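Work through the exercises below with the structure open. Try each task before reading its solution.

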Amino acid sequence: MWSLVGCVALLYALCDVNYFIRTFCSLLHVMLVPGRIKVTDTRSTVSFCTTQDVDFLLNHMNNGRYLRELDFCRFYWYGRTRFWPLTNAKNLLQGECMVRYRRMLPIFKPYKVETQLVWWDQQSIFFEHKFITLHDGFVRTVAYTRQRAIGTDLLEYVKQFPECRDRPTQPAVLKSWIEANEASSQQLRK
């Protein structure tokens with residue numbers, strides 16, 4: 001009994017066990033619970049800010065937890081859209097992220113994250129994520145993420161989805177962000 005408790009305590013000390021448990025449960029949920037959405041649909045994921053999510057002030061979500069939450073939103077989006085088979089998931093990697101914090105997300109408040117594919121090019125797909133508190137409907141945080149594909153032409157890949165045959169207009173905020181990232185890359189290459 002004590003050896004089991006010791007092993008669990010050691011795992012919690014060395015690893016973020018809750019992350020792996022939640023990842024496993026998320027993937028299990030996607031595989032076992034039926035449901036499918038179009039690639040261009042918005043996917044909502046509901047959660048709430050717990051004591052494990054807060055910063056040192058103990059009253060609102062830590063900035064790093066937003067990024068972690070986006071991982072789970074993408075897991076659900078990929079699973080519900082069947083955009084990427086699980087066997088090829090290693091070929092799509094987080095490339096960049098831009099987050100705008102508008103107002104803090106208070107502890108013990110339920111919220112949803114709306115995830116939507118907003119644009120794509122030959123190498124990447126771009127998501128918009130909105131953190132919205134349920135009690136007031138306020139958009140607390142907006143994040144854009146870029147998922148880079150390795151060894152796949154995404155312009156060709158997305159054509160298998162009827163709703164993606166025509167690429168949408170690139171949002172202005174996304175265009176500016178991509179240009180800023182490219183300028184940063186050019187500067188670092190010097």
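**Exercise 1.** Which residues does Leu 154 touch, not counting residues up to four places away in sequence?

*Solution.* The model is predicted, so local features need pLDDT of at least 70 and side-chain atom pairs count only at pLDDT 80 or more, while totals for chains, interfaces and linings use all residues. Residues are numbered from 1 along each chain as its sequence is written, and side-chain values use heavy atoms, with hydrogens and water left out.

Step 1. Apply the rule for a contact: heavy atoms within 4.5 Å.

Step 2. List the partners of Leu 154: Phe 83, Trp 84, Asp 121, Gln 122, Gln 123, Ser 124, Ile 125 and Ala 149.

Step 3. Place Leu 154 in helix α4, residues 154–157. Helices (H or I, at least four residues) and strands (E, at least two) are DSSP runs, numbered from the N terminus.

Step 4. Check the cover. Leu 154 counts as buried because its relative accessibility is 0%; buried means under 20% relative accessible area, exposed over 50%, and partly exposed in between (1.4 Å probe, protein chains only).

Step 5. Add a distance: the C-alpha atoms of Leu 154 and Leu 92 lie 10 Å apart, with the two positions 62 residues apart in sequence numbering.

**Exercise 2.** Describe the fold of the protein as a whole.

*Solution.* Step 1. Count the elements: there are five helices and five strands.

Step 2. Put them in sequence order, which gives α-α-β-α-β-β-β-β-α-α.

Step 3. Take the dimensions. The C-alpha trace spans about 55 × 45 × 35 Å along its principal axes.

Step 4. Turn to burial and contacts. Of the 190 residues, 37% count as buried. Among contacts with a separation of 6 or more, 72% are between residues 24 or more positions apart.

**Exercise 3.** How many salt bridges does a search of the whole structure find? Examine three of them.

*Solution.* Step 1. Use the criterion: a side-chain nitrogen of Lys or Arg within 4 Å of a carboxyl oxygen of Asp or Glu. The search finds twelve.

Step 2. Take Asp 121 and Arg 146, whose closest N and O atoms are 3.7 Å apart. Asp 121 is in the loop between β3 (110–120) and β4 (124–133), and Arg 146 is in strand β5 (residues 139–149), so the pair ties together parts that are 25 residues apart in sequence. Both residues are buried.

Step 3. Take Lys 130 and Glu 128, with 3.9 Å between the closest N and O atoms. Lys 130 is partly exposed, as its relative accessible area is 28%, whereas Glu 128 is buried at 15%.

Step 4. Take Asp 136 and Arg 140, which meet at 2.9 Å, N to O. Asp 136 is partly exposed, with a relative accessible area of 38%; Arg 140 is buried, at 5% relative accessibility.

Step 5. Look for shared partners. Salt bridges join Glu 96, Asp 121, Arg 146 and Arg 148 into one network.

**Exercise 4.** Is Met 31 buried or exposed? Describe the surface patch that includes Met 31.

*Solution.* Step 1. Find Met 31 in helix α2, residues 17–32.

Step 2. Read its accessibility: Met 31 counts as exposed because the value is 53%.

Step 3. Name the patch members. Phe 24, Leu 27, Leu 28, Met 31, Leu 32 and Val 33 make a nonpolar surface patch of about 570 Å². Such a patch takes residues with over 30% relative accessible area and no salt bridge, and joins nonpolar side chains (Val, Leu, Ile, Met, Phe, Trp, Tyr) within 5 Å, or like charges within 9 Å.

Technical notes. Accessible areas come from the Shrake-Rupley method with a 1.4 Å probe; for residues, only the protein chains shown count as cover.
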